[in-house]
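Please examine the model shown below. The questions and answers that follow address its burial, its charge pairs and its backbone.

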Amino acid sequence: MTTPAVALFETHDDAIGPYSFEAFVEAAGHFHGYAAPGLLLGGFMVDAARKCLPEGILYDAVSETAWCLPDAVQMLTPCTVGNGWLRILNLGLYAVTLYDKCCGKGFRVALDMDKLDPYPDIRVWLLKSMAKKEQDSGALREQIRLAGASICTISPVTVDQYRLRRKAKGAIATCPLCGAAFPAKHGRICRLCQGEGPYLGTGRTLPDVVDEVQPELTRIPVDKAVGRRALHDMTRIVPEKSKGVAFHKGHEIGAGDVCRLQQLGRFHVYVADERSPDPDWVHEDTAAETFATAMAGPGVASAGAPREGKVTLVAAHDGLLTVDRDGLEAFNLLPDVMCASRQDGLVMDKGARVAATRAIPLFIGRERFESAMRLIGDKPLFSVLPMRAAKVGILVTGTEIAQGIIQDKFAPIISGKVMRFGCTVVDTVIAPDDRKAIADGVARLLDAGADLLVTTAGLSVDPDDVTRKGLADAGATDMLYGAPILPGAMTLLARIGTVQVVGVPACALFFKTTSFDLLLPRLLAGQAITRKDLSRMAVGSMCMECKTCTFPRCPFGK
Ligand code: ZN
C-alpha cells in the first residue's frame, strides 16, 4: 500500500481519506444520520482500496452489501449510486471493490474473520452474537478506530464490467395514463400505472378500490316506467338453457313489458335524460364500440352493434391471429374495462371470433374511458395476417435415405402438412449427410423457385450433423436453433435472402403434431420469428402426446 501522493488535510494514523477519525465520525453523522459502526469501518475499507489504485485514474466501485458500506463509498469517492459509478451488488458480504473504469482491474477489500481475534467487540457486532443494546458501542468504535483496514484482506481483482454494465434506458415514451416519461421497454404504460408502485390506497391513476360513483340516474319502479326507454340491454338467463337479450337498449317499455321485467327480477329500471347526456360519463355501448374500433387492426372487423354492452371482433378473412400481448395486458390493468381474446398465433377462419371488449359498469367515467383510448392509441391490439400459398422445397438429409437403404417418410409428411394450407411442393431433394451435397441441394430447391425451405433430420446433438453447416454454406443467416416446443426442441429457423428456412427435427416422423405445425402458419403469414417470439410460445407448447391427436382442437400451442 502507498500513502496518497497529496495529503490535502492533516492526516493521522487513523485518518480516513481526507478526514481525521473524529471528523469522519462527524461527517458520517451528517451524511448517514448517525455514525454507524459499519460506516466507520467502511470508511477505512474504501480508503484502503483507493490507496491501492494508481493516482489519477478514473475508477468505479462495487459494494457487495447494501448496508452502510455504499455510503462510505459515496462520502469518500466521486462514485455514487446516482451517477452509476457505484454499483450495489448485494451479495450480503462486507466487501468493497474500487476498479479502473477502463480495464476493470482493481482491489477488493473484504472484512476477514480470521483477523478479528484482537477485536472481540467487532466480532460480536458483526456476528450479532449479543443483542445490540448489550453491545458496548464505545468499545466497538474504539476497536474500529484502532483496527482500521487491518482486519480486511485486500486482493487484486478484475471486474467483469459486462456484468455490471448499466442497462441503457433506451427509447423514452410518455405514459398515456399518468403523463410521466418512462423507458418505452417497460411496456405501453409506466410501471407505476402497472401497479408496481409501493403506495397504499388508490394511487394516482389505478384505483384498486372500485368506487361506486355513477352518473345521476333516475331509478323508477317498472310500473311507472311505461313509455320510457331502457338504458341498457337487459339479459334473460334460463339456467343451462338460454341466455339472451330480453330488452334491448333504447326499447320503449310498454304496458305489456312490466310483467316480463318483473319476471326477470327487475322491479326498478334506470332511466337517463337522453336529450342532454352527462358529458362526464360514457355509456357502455359507446365505450365498447370505441374500444373495439381502436383495437381492430388489419384483417379484424367488428361483428356488429354491441350486445349486452359487449362488442365482438371477428376475422375479416382467413389468416393468422396476432395479438399485441403487452398492449392487451396493459389495457386489462385499467379499471372498469376488459378485453378477452383468442391466443396469439392461431389460424383463424373468416368470421371466427377473435376478441371481445366492454366497459364493466353501465357508465364509465370519461377520464377512465379516455385513459383506455390513449393506451390503445394508434396501435391496434389484433390483426389477422393473410397466409400465403408458399412454394415449398423439401430437403431430406441422410446418407441411408440417399442410398435407398431406408425409404424416406419425411417428404410425404411435410407435403401433407403444407398442402393443407394451399401450398405447393416445387421439388424434393434427398441429400446424403455431406456438407456440399446439402448446400447443392439447397441451391437446386432455390432454382426451382422455393420460397419456403423445409429441411429435416440431422438437427441433433450428433457431431456428424452437417445439415446446419450445409445450410450456412448455402447462405443461411439469422439462424435460430432450439425452440421451447415439445416435440420439436431441435427446431431450426433461418433465412436465405427472403426464402424462409425451417429445420424440422426427426421427431416429426413419429409425432403427428410438432413444432412445425405451430411455426408453419406463422411463416406463411410472413412473420420473422425471433428468439423472443419463440420464448413466448413456451407456455402451452408442450404436447400431451394423446393417443388420438386432435390438433388443432387441443391446447397444444395455445
Ligand atoms: Zn403512468
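**Burial, charge pairs and backbone**

At 0% relative accessibility, alanine 287 counts as buried (buried means under 20% relative accessible area, exposed over 50%, partly exposed in between, with a 1.4 Å probe and protein chains only). This is a predicted model, in which local features need pLDDT of at least 70 and side-chain atom pairs count only at pLDDT 80 or more, while totals for chains, interfaces and linings use all residues. Residues are numbered from 1 along each chain as its sequence is written, and side-chain values use heavy atoms, with hydrogens and water left out.

Q: What distance separates the C-alpha atoms of alanine 287 and isoleucine 364?
A: Alanine 287 belongs to helix H9, residues 284-295 (helices, H or I of at least four residues, and strands, E of at least two, are DSSP runs numbered from the N terminus). Isoleucine 364 is 77 residues away from alanine 287 along the chain, and the separation of their C-alpha atoms is 7.7 Å.

Q: Which residue in helix H9 forms a salt bridge with arginine 358?
A: A salt bridge is a side-chain nitrogen of Lys or Arg within 4 Å of a carboxyl oxygen of Asp or Glu. Arginine 358 is in strand E18 (residues 353-359) and its partner is in helix H9, so the pair ties together parts that are 74 residues apart in sequence. The partner counts as buried because its relative accessibility is 5%. With an N to O distance of 2.6 Å, the residue that meets arginine 358 is glutamate 284.

Q: How far apart are the closest N and O atoms of arginine 188 and aspartate 324?
A: Arginine 188 is in the loop between strand E7 (181-183) and helix H7 (192-196), and aspartate 324 is in the loop between strand E15 (319-323) and helix H10 (325-333), 136 residues apart. Arginine 188 is buried at 10%, whereas aspartate 324 is partly exposed at 25%. The two form a salt bridge whose closest N and O atoms are separated by 2.5 Å.

Q: Is glutamate 308, the partner of lysine 243, buried or exposed?
A: The salt bridge between lysine 243 and glutamate 308 has its closest N and O atoms 2.9 Å apart. Lysine 243 lies in strand E10 (residues 242-247) and glutamate 308 in the loop between E13 and E14, 65 residues apart. Lysine 243 is exposed at 54%. Glutamate 308 has 16% relative accessibility and therefore counts as buried.

Q: What is the approximate phi of aspartate 478?
A: Most residues other than glycine have a negative phi, and most peptide bonds are trans. Aspartate 478, in strand E24, is exposed at 52% relative accessibility. Its phi is positive, near 50°.

Q: What is the approximate omega of the peptide bond between leucine 486 and proline 487?
A: Proline 487 is in the loop between strand E24 (477-481) and strand E25 (492-496). The bond joining leucine 486 to proline 487 is cis, with omega about 0°.

Q: Which helix gives the most residues to the largest nonpolar core?
A: A nonpolar core is a set of buried Ala, Val, Leu, Ile, Met, Phe, Trp, Tyr and Cys residues joined through side-chain atoms within 4.5 Å. The largest has 42 residues, and those touching the most other members include Leu40, Leu41 and Met45. Elements giving two or more residues include helix H1 (21-32) and helix H2 (37-52). With eight residues, the element that gives the most is H2.
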